[in-house]
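This report describes a protein model, with attention to its aromatic pairs, one sheet and one loop residue. The sequence and structure come first.

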Amino acid sequence: FEMSSGYSPLNNGSSSSNYIYMAIRRGPLAQPESGTEVFAIDIADGNGGDNPPQFVSGFPVDAAIIHYKPGGSSYYPTLRDRLRGTYGSYTFSSAAENSDGSQTWDFMNGHFKATFSSSYLSWMWKRAPGFFDVVAYTGSNSDLNVSHNLGAVPEMMWVKCRSGFTENWTCYHKDLGNTKEIKLNTTGVPVTSSVWANTTPTESVFTVDGDNVPVSKANTPYIAYLFASLDGISKVGSYTGNGGTLTVDCGFTSGARFVLFRNITATNGDWTLADTARGIVSGNDRALNLNDTSAEITDEDFIDPHSSGFTVVNASGYVDSNTNGHTYLFYAIA
């Protein structure tokens, strides 16, 4: 709560005036007990403008990815969040953030008031202790400790310069460590880097290297998305492919509703998304990438359901989920 200087109903310029106020801390304060409390997937129904929100979650949304299944769009996939309001960033691009006036966060059960056809879908997150957080910060010329409210050690982080510079998305993953980075919008392998100032994140801060433009430049705005493993709800990890069928145990009891994975051994690894709204079945599944605008792949069996998490299959096609001897990063939500 803050009162600005100058005349207003809350501040009439008199230093002797008394006021009463109420301030409520942003919640929730407790860890979620199920994945449906903090994560949702919805395919548009074309009624957004008449009956908003277009994408329904069942909870207030703090961040969301919107994708266009037919591909070829100049605007999707895009990642937007409550902290930036109408602004968002393309996950496939190094471009500065963009604005869309139809993006609204004042709904209690979803986001976006514009009308979308069923060709669009959204994956939606709620900020919650131990699960997910979003941080906006201003860069510095020196190493910077950025405070966060994740309430746990971030195991994966996506950082994007918002304006002023055209920079790639920079990603941290616990299984790469604090001396490497990987990009979200490109397909290259991880590289040795000082962007994290060789410092592992803690439960209260993450560290970025000063004057390293992708993550910190003086007086420049940045946005960061922080992910963690929460028992029974989310899992950040890695696996080594065996070229056949491999079950990845996430500690879930009813399987994964959402899986993001990336081959980091190959030089052309995609950030591939699968979900139960479109697939993760014992048969052909549907895949979309975060790092490009290609159309949805619909005719490959690359992932199967499993109660503890998910099972990857060597599809030997467009979707690379289980090449023998290759290492994959993944993020799954129950």
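The text below covers confidence, aromatic pairs, sheet pairing and a loop position in turn.

**Confidence**

The model is predicted. Its average pLDDT is 92, and 92% of the residues score at least 70. Residues 1-12 have a pLDDT below 50. Beyond near neighbours in sequence, that stretch has 14 contacts in the model.

**Aromatic pairs**

There are 28 aromatic pairs in the structure. One of them joins W125 and F258: the ring centres lie 5.7 Å apart with the planes at 85°, so the pair is edge-to-face. W125 belongs to strand β8 (residues 120-125) and F258 to strand β19 (residues 258-263), so this contact links distant parts of the chain, 133 residues apart. W125 is buried, with a relative accessible area of 3%. F258 is buried too, with a relative accessible area of 1%.

Another pair is formed by F310 and F330, whose planes stand at 75°, over the 60 degrees required, so the pair is edge-to-face. F310 sits in strand β24 (residues 309-313) and F330 in strand β25 (residues 327-333), and the pair links distant parts of the chain, 20 residues apart. Both F310 and F330 are buried.

| Pair | Centre distance | Angle between planes | Class |
|---|---|---|---|
| W125 and F258 | 5.7 Å | 85° | edge-to-face |
| F310 and F330 | 5.5 Å | 75° | edge-to-face |

W125 and F258 are also members of one aromatic cluster, together with F39, W123, F131, F132, W158, F227 and Y331.

**An open sheet**

Strand β8, which holds W125, is also part of an open sheet of 6 strands. What is the strand order in this sheet? The order is β1-β8-β3-β4-β5-β6, and the pairing is antiparallel. Strands β1 (39-43) and β6 (98-99) stand at the edges; each has a single partner strand, so one side of each is left without a neighbour in the sheet.

Within this sheet, strand β4 (residues 78-81) pairs with strand β5 (residues 87-90) in the antiparallel sense, over 3 bridges. T78 stands opposite Y90 in β5. Strands of a sheet pair through backbone hydrogen bonds.

**A loop position**

Is T253 buried or exposed? With a relative accessibility of 70%, T253 counts as exposed. T253 lies in the loop between β18 (245-249) and β19, the strand that also contains F258. The C-alpha atoms of T253 and G232 are separated by 7.1 Å, and the two residues are 21 residues apart along the chain.

Conventions
Residues are numbered from 1 along each chain as its sequence is written. This is a predicted model: local features need pLDDT of at least 70, side-chain atom pairs count only at pLDDT 80 or more; totals for chains, interfaces and linings use all residues. Side-chain values use heavy atoms; hydrogens and water are left out. Rings of Phe, Tyr and Trp (its six-membered ring) pair if their centres lie within 6.5 Å; planes under 30 degrees apart count as stacked, over 60 as edge-to-face and the rest as tilted. Helices (H or I, at least four residues) and strands (E, at least two) are DSSP runs, numbered from the N terminus. Buried means under 20% relative accessible area, exposed over 50%, partly exposed in between (1.4 Å probe, protein chains only). pLDDT is the predictor's confidence in each residue, from 0 to 100. Contact means heavy atoms within 4.5 Å. Two strands pair if DSSP finds at least two bridges between them.
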